[in-house]
Amino acid sequence: MKNYTSYFSEFLDGHKGYLHFRGHSHHFWPDVTKNAILEYFNDSKRLSDDKWEKIFGEKIPLAQKLISEILQFTQPKNIVFAPNTHELVFRLITALLSRNKKIKILTTDSEFLSFDRQIKRLLEEDWIELKVIATNPFFNIAQDVIKAGKTFSPDLVFISQVFFNSGVALYQEEIEQLAFEFRGKSLLVIDGYHAFMAIPTSLSKIGNDIFYLAGSYKYLGAGEGLCFMTIPEGCNLRPVYTGWFADLAHLDSAQTKIYYPNDGLRFAGSTMDFSSLYKLIAVLENYKREEISVLKIHKHVQDLQKYFLEECRRINHPVLNQSQILIRDLEHHGHFFSFKVKDESSAKNIAEQLKLNKILVDTRGDRVRFGFAIYHQPNFKLNFSGISNTNL
Ligand SMILES: Cc1ncc(COP(=O)(O)O)c(C=O)c1O
């Protein structure tokens with residue numbers, strides 16, 4: 001099995017003595033990101049306000065190209081960047097605002113907090129109508145969403161590719177079915193935050209039908225501050241929440257009309273720190289040079305997951321038992337395992353005890369999440385001591 005640890009020597013050193021099973025939360029950054037930060041500093045030092053020309057003229061097109069290669073997205077110019085997904089999603093929602101009609105949103109009960117909180121707040125204001133599909137049992141999520149769409153006729157459908165609270169992943173065919181089903185009827189957002197750089201994904205057939213969201217904080221390992229969204233070719237939506245990056249072409253003329261460009265910048269906001277874009281480019285160029293594909297990353301993690309399950313079977317722990325892991329298909333699963341435990345406070349207690357045992361995990365409600373990454377090797381020893389049904 002290939003050993004990728006040398007690419008992560010800095011962060012591994014920063015966590016010496018600990019098993020960092022939080023790659024799904026804050027993935028380690030490969031060492032190349034250190035120089036990328038320096039490069040950003042040097043460009044700022046040298047170019048100051050002229051740096052935007054370099055960023056928009058060279059760096060953004062390069063990042064768009066590298067991301068498009070990974071996702072087989074055929075229109076790199078239709079990728080827009082923002083500091084987080086919340087901004088992008090909210091911008092998209094504002095493009096649907098109308099004085100006469102509520103926005104109909106179809107989603108699942110397992111979407112990340114940013115989206116979940118935002119739509120609940122919009123619901124309080126009576127701006128939207130909401131239909132939420134249960135993800136558990138996991139078997140037919142995509143079909144359930146398609147079925148609900150037929151009667152609900154949503155304006156917007158929002159669904160994760162990998163659910164943050166279970167790791168359960170939609171199949172490529174399911175994403176394509178959703179895209180074909182909602183084509184021309186509803187906007188479809190696939191939240192690929194837990195899939196990008198983890199699960200091989202192709203937008204080649206559906207890139208012009210969906211909005212695909214992801215970021216650099218997770219499996220890409222370029223840290224916080226950079227997310228992106230692909231938009232369909234020909235998209236003519238006019239987000240109400242819009243910033244000056246969306247009209248760089250008319251920067252020097254008086255703005256009598258609100259223009260939108262015919263590419264990803266249509267969904268752009270305004271001034272942001274692009275150091276994470278430099279980091280993203282450094283990571284993706286390095287992976288390209290070293291021929292580290294998403295498929296290789298995924299296979300490495302799948303081997304780690306099999307090893308982890310063997311360890312669990314060996315220990316056969318009463319609380320962190322393999323039977324408690326939420327899985328639909330081990331051959332197609334996100335890069336973390338989610339143990340369903342008694343309740344939220346049990347989950348927190350378990351995470352605290354594991355930390356004392358030098359194992360770093362995180363929790364979401366009654367779930368304890370163990371994440372795997374290419375900076376692990378299948379030789380770790382799990383220590384679940386101090387955790388029992390009686391002390392939770
Ligand atoms: C599924 C999913 N989407 C999006 C995000 C990030 O949201 P934001 O960019 O608003 O912080 C996360 C964060 O963990 C997530 O799990």
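The following exchange takes up several descriptions of this predicted model and asks what each of them rests on.

Reader: What makes the radius of gyration of the protein chain agree with that of a compact globule?

Author: For 392 residues a compact globule would have a radius of gyration near 21 Å, and the protein chain has 22 Å, so the value agrees with the rule. Along the principal axes, the C-alpha atoms fill a box of roughly 70 × 55 × 35 Å, and the chain contains ten helices and twelve strands.

Reader: How is the protein chain divided into domains, and how far apart are the centres of domain 1 and domain 2?

Author: Domain 1 is made of residues 5-30 together with 293-391, while domain 2 covers 33-287. Taken over C-alpha atoms, the centres of the two domains are separated by 28 Å. To their contact domain 1 contributes 23 residues and domain 2 contributes 28 residues, where contact requires C-beta atoms, placed from the backbone, to lie within 7 Å.

Reader: Which elements supply the side of domain 1 that touches domain 2, and what is the character of its residues?

Author: Helix H9 (294-315) and strand S9 (336-340) each supply at least two residues of that side, and H9 gives the most, with four residues. By class, the residues on this side of domain 1 are nine nonpolar, ten polar and four charged. In the loop between H9 and S9 lies Asn-316, which has a positive phi of about 45° although it is not a glycine.

Reader: Why are S9 and S11 called edge strands?

Author: In the open sheet of three strands the order is S9-S12-S11, with antiparallel pairing, and S9 and strand S11 (362-364) each pair on one side only, which is what the term edge strand expresses here. From one strand to the next the twist averages 30°.

Reader: How do you know that S11 and S12 are paired?

Author: Two strands count as a pair if at least two bridges are found between them; S11 and strand S12 (residues 367-371) have three bridges, in the antiparallel sense, and therefore satisfy that condition. Within S12, Arg-369 stands opposite Asp-362.

Reader: What is the order of the strands in the sheet of seven strands, and what is its pairing?

Author: Its order is S2-S8-S7-S6-S5-S3-S4, the sheet is open, and the pairing is mixed. Strand S2 (79-82) and strand S4 (128-133) are the edge strands, each pairing on one side only, and neighbouring strands are turned by 20° against each other on average, direction ignored. Strand S7 (residues 211-215) runs antiparallel to strand S8 (residues 227-230), to which four bridges join it; Ala-214 has Phe-228 in S8 as its bridge partner.

Reader: Which strands does helix H5 touch, and which strands does helix H7 lie across?

Author: Helix H5 (residues 113-124) packs on the sheet by touching strand S3 (103-108), S4 and strand S5 (156-160), and its direction makes about 135° with that of S4. Helix H7 (residues 172-182) lies across S5 and strand S6 (187-191), running at about 165° to S6.

Reader: What joins Asn-136 and Pro-137, and where is Pro-137 placed?

Author: A cis peptide bond joins the two residues, with omega of about 5°, and Pro-137 is found in the loop between S4 and helix H6 (141-152).

Reader: Which residues are around the ligand, and how do they divide by class?

Author: The residues around the ligand include Asn-84, His-86, Phe-112, Asp-191, His-194 and Cys-227. The shell divides into four nonpolar, seven polar and one charged.

Terms used: Residues are numbered from 1 along each chain as its sequence is written. This is a predicted model: local features need pLDDT of at least 70, side-chain atom pairs count only at pLDDT 80 or more; totals for chains, interfaces and linings use all residues. Domain bounds come from an automatic or database domain assignment. Two residues are in contact if their C-beta atoms, placed from the backbone, lie within 7 Å. Ala, Val, Leu, Ile, Met, Phe, Trp, Tyr, Cys and Pro count as nonpolar, Asp, Glu, Lys and Arg as charged, and the others, Gly among them, as polar. Axes are lines fitted to C-alpha atoms, for helices over the stretch in contact, and angles run from 0 to 180 degrees between N-to-C directions. A residue is near a molecule or strand if its C-beta atom, placed from the backbone, lies within 6 Å of it. The radius of gyration is taken over C-alpha atoms; the globule rule is 2.2 Å times the number of residues to the power 0.38.
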